[in-house]
Amino acid sequence: MPAILLRRLAYFVATLLVASLVIFVVLDLLPGNAAAILLGTSARPDTIAALQQQLGLDQPAWWRYLSWIRGLFTGDLGRSLTYGVPVSGLMAERLVVTIPLALLALLVAVGAGVPMGVWAAARWRKLPDHAASVVAQMGIAIPDFWLGILLILFFSTGLNWFSAGGFPGWGQPLAALKALVLPALALGLPQAAILVRVTRASVLDVASQDFVRTAEAKGLPARQVLWRHTVRNALLPVVTIVGLQFSFLIAGAVLVENVFDLPGIGLLAYQALSQRDLVTIRSVTLFFAGLVIIVNFLVDLSYLWLDPRLRARG
Amino acid sequence: MSLAVQLDAITLRQWTGRSQTLVRDVVLDIPDGTTLGIVGESGSGKSLTALALMGLLPAGMRASGRILLDGTDLLQLPATAMRRVRGARMGMIFQEPMTALNPSMRIGAQIAEGLLAHRHISRSEAQREALRLLERVQLPRARARINDYPHQLSGGQRQRVGIAIALAPGPKLLIADEPTTALDVLVQAEVLQLLGGLIRDLHMSLLLISHDLGVIASICEQTLVMRDGAPVESGPTGQVLRKPRAPYTRELIAAVPRRDESRVAPGQDGSEAPVLAVRNLVREYRTGTGRLLARAVDDVSFDVGRGEIFGIVGESGCGKSTLSRVIMALDKPTSGQVLFEGTDLFAVPPRALQRLRTGFQMIFQDPRGSLNPRHRVARIITEPLHLDRNAPRGSALDDMVVQALTDVGLSPDDARKLPHQFSGGQRQRIAIARALICRPRLVIADEPTSALDLPVQGQILDLLRSLRDRYGVAFLFISHSLAVVEAIADRVSVMYRGRFVETGAPAQVLRAPEHAYSKQLIGAELRADQPRRYGVAQALPSHS
Amino acid sequence: MTTQPRRRRFFGPFPRLYLGAAITLAVVALAIVSRFWTPHSPTRLRVPLRLKPPLEAGLAGTDAFGRDIFSQLMMGAWNSLSIAVLAVVLGVVVGVALGTLAAAWRGRWVEEVVMRFCDVVFSFPALISAIMIAALVGSGAATAIVAIGLFNVPVFARVANGMAQPVWEQAYCLAARAAGKGRLRITLDHVLPNIAGGITVQATIQTGLAILVEAGLSFLGLSLAPPAPSWGRMLSDAQTYLGQAPWMAIAPGLAVAIAVLGFNLLGDGLRDKLDPGSEARA
């Protein structure tokens, strides 16, 4: 077993490195002279050279790449070109908003989507199943940021139950959580709709397999057949989809933070882009890519637990 | 325990609202401690009948009539009451051991589950009982394996677990739906012996469903023959199989491939060079680091003469499929030679090898998978010709297609059709036409009749023989079925663990074998004309 | 009562196919028509008519500058659809090629390389790629197409590979090899025709997804630049006037949802038609 884990781990690290290389090439090598870009076309050569030296841009490419990677471990990600403050600090203060938001959204998605999918499958072809399918079909067509705007329209502007955006900081935990409710719903509900469909399909697929018939032939109660035999084996594709959808989830965070004016990493990415703050964008995109890679790694690991057949093969 | 069934009909409601009757007028009786077999081809309704008894019909199907288990009509029972009957009083085992067990649950737990659902015992008690059951079904090293997952067991072992699961709550009737069809000959014999021993020791009744007359004959006291959803004939097994009354039953029995003793194989002129010569062929599988995993083909040598039908018989895993691939040059051997008409296939450059391929072709087991569902028959048949630059085109090509189709007993109109419009036997004919279109001198047939119904098997064998007589094609005929190989081969070789353990004329090898393994194999063969051998305490007086 | 599902249909054989086709056709028709005609000019400012609700001025009302929203929606349909379709075509062409090649040379280095490449590209959601590309060369339709197309390449590579592998295991591919055909030839003759249906289904669904993503990109200003109307940007502009003119926010979002719904239903319906066995999949 450990051999498989080691291999997966090595693989995960390798993917991270390749991703970081890609980001570096696109955002550091290709743009050319960042200093010149920053200062504009009318700048004088010696000013450019001075800024270059200050930003460490006069060093060869591989040195810049390695020092960036090293900075990931030491916590030094350079200084934002726009704000002048350390990028790591910037990201840290934004992370405390985005991570909870992503987790809440994931909770909404899985908590609402999976049980509903199982419920729909258990009432296959009856009214609840049709209703669930229709709702799910509509849910996956709705953009998360539009849902966010609608939620604001309805619950904030309309009913005044929630504020229209902003984040009071974790100093007031309850208010902070309240501020995350609508964004988490906007982010999580469309994902939930996808999970309803995937779960339903997977459960139906497994329900027609032979071993479920064996379980029924044993005379087991229907509920036990459903949960211990059918659903247990149906989870694998569902987990796969959750992993895949995660990348869409965090992309959605960029949009939703924008709509709700939440000071998270997503908003930071957007702001950095408009300022062409390449140093910040570099680390922020690595964060996003890295998050996706980590989640997929965890999903991979969970397979080993979910499907005993994979433990032998790896 | 007594089961009296009067099944008026099993109907299927389609989405258009119309009903289709799938099974009708089945009457059967299983008194205490007896064995009944239902035999028929695929589509005869035998499996549906069994599912109806258990209340496991697929959604949309309904059974009407009376199913009296110890006087209670099962069809009138509400779902919760039926659940208590299922498993506790009637148990069932299914055909595919590979998929019949929950892959993510340990086998001990799966057995214990059935116990806990019907009896009020503790979990540890159930585990202990599960272990006892595993030992009773003779699973080797049961104590060590009780916590294994299904994928860690072989097919035969999984079927034993399936039996243990069915037996756990202590039912008095066991229903077995094609329990040995997916198993090898030797394993089949073991499982049937186990079943026979269990029903004798536990004084249970057995309802066995199979398409194989030999299996039915080996264990069932009574037999019911079904066809197209209706019963044809029933009675004591000896009588039904030896003195059948209905014409269909006679057809079924006659369809078991039999050797035509009167036909003489074309004389082998010893001076003629063999069409295929295999010399010391070895195919090893090694890990990346060079450690030997298996030797699928272990020093095999043999010749196939011009126009000869050479049979290779063996169980799954003996290496016959690997052998056929290497001979077809679809896989490279570790060492040894394959000489086709004198040329070493692995010593020539790839281009030359491609040109040689028109001389040797292949037919596969699964008629559905061997034809591209999107290509029309004409295109399928002419595929091997693409290598031949001098191949005819246009109307000459059409003529060739017509000739090929008529050769295999199909009509020229079939050239424009798609595979799904044909039956399994017809698709196999198309595959044969494809193999023969470039007039090869050798055709390798890998289990060509195994997936077909009995009567169709006989037809295909006749076809192959007639093609050999007409075109002088040699066949390398691979099968796990002794009867089929005996019916068609001029010479036979028994393959075991990558080696040919015995070679010779069919009459000798398959009736009077010398090698220990051959003896075992032939001894395990079940034939319809043999007396019942499993589940008997002593030989019963025959009921004619 | 058994939980074994079998087919049973209520509203005719293929309800989703017809409904999806109808919606998609309607959206496409509006998009094409917008190239020649719209009820009003989508770009002309008519300040006296600003912020008028639907039916009072135009089918969907007017925006902050008095521009007719419905006309903007029509032109936005064209823009969204063309970007989405081009991106998916890019994904299909490159992705299917990679995926089928990996399946044809299974077990060799080609498969490894393709799969690893897919894994890396998958780590970059389309939005993130768009940000990176925009940082490099700026925003625009090309940026959106490349970013979305790039993400679609591993999607189709995986799907094509997954569908091609079972085909290779069929005996008719072995028969073709026995007939002497090379792997490339077999891919063209046997594999592609048998996966074409599945790829089409996936492409339809991915187009819906691409429309969704493009809306997000233009919401952030990473796609087409003004004054070209685009649904996402209309939503972005609508935020400021949420209280006064809610229809500005509802209309474009609804347009996106309807378009995506149409493509999804169409894709599901096609799947129902082509592969009835998988009808159980929602």
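## Strand partners, a buried arginine and confidence

User: Which residue of β17(B) stands opposite Phe360(B)?
Analyst: In this predicted model, β16(B), which covers residues 360–363, includes Phe360(B). β16(B) pairs with strand β17 of chain B, residues 442–446. Opposite Phe360(B), in β17(B), stands Leu442(B).

User: In which sense do β16(B) and β17(B) pair, parallel or antiparallel?
Analyst: Four bridges link these two strands of chain B. Their pairing is parallel.

User: Which residues point the other way from Phe360(B) and Met362(B) in β16(B)?
Analyst: Phe360(B) and Met362(B) point one way from the strand. Both of them are buried, and so are the residues that point the other way, Gln361(B) and Ile363(B).

User: Which strands lie at the edges of the open sheet β12-β11-β14-β15 of chain B?
Analyst: This sheet has four strands with antiparallel pairing, in the order β12-β11-β14-β15. An edge strand pairs on one side only, and in chain B this holds for β12 (292–304) and β15 (343–344).

User: Which residue of β12(B) stands opposite Tyr285(B)?
Analyst: Strand β11 of chain B spans residues 276–286 and runs antiparallel to β12(B), with nine bridges between them. Opposite Tyr285(B), in β12(B), stands Ala294(B).

User: How far from Arg46(C) is the nearest side chain of opposite charge?
Analyst: Arg46(C) is found in the loop between α1 (15–34) and α2 (69–104) of chain C. Arg46(C) is buried, and the nearest side chain of opposite charge belongs to Asp68(C). A salt bridge requires a distance within 4 Å. Arg46(C) has no salt bridge, as Asp68(C) is at 4.9 Å.

User: Which residue offers a backbone oxygen to the side chain of Arg46(C)?
Analyst: Beyond four places in sequence, the contacts of Arg46(C) include His40(C), Thr62(C), Phe65(C) and Gly66(C). At 3.0 Å, its side chain reaches the backbone oxygen of Gly66(C).

User: Which element of chain C has the highest mean pLDDT?
Analyst: Chain C has a mean pLDDT of 86, with 93% of its residues at 70 or more. Among its elements, helix α4 (residues 126–137) has the lowest mean, 86, whereas the highest, 93, belongs to α2(C).

User: How many contacts beyond four places in sequence does the model have for residues 278–282 of chain C?
Analyst: Residues 1–11 of chain C have pLDDT under 50, and the model has 28 such contacts for them. Residues 278–282 of chain C also stay under 50. For this stretch, the number of contacts beyond four places in sequence is 17.

User: What pTM does the predictor give the complex?
Analyst: Two values are given for the complex. The ipTM is 0.86, and the pTM is 0.84.

Terms used:
Residues numbered from 1 in each chain as written. Chains lettered and ligands numbered in written order. Predicted model: local features only at pLDDT ≥ 70, side-chain atom pairs only at ≥ 80, totals over all residues. Heavy atoms only, no water. Buried < 20%, exposed > 50% of the residue type's maximum accessible area, 1.4 Å probe, protein only. Pairing = 2+ DSSP bridges. Lys, Arg positive; Asp, Glu negative; His and termini not counted. Polar contact = N/O pair within 3.5 Å; in protein donor to acceptor, adjacent residues only side chain to side chain. Contact = heavy atoms within 4.5 Å. pLDDT = per-residue confidence, 0-100.
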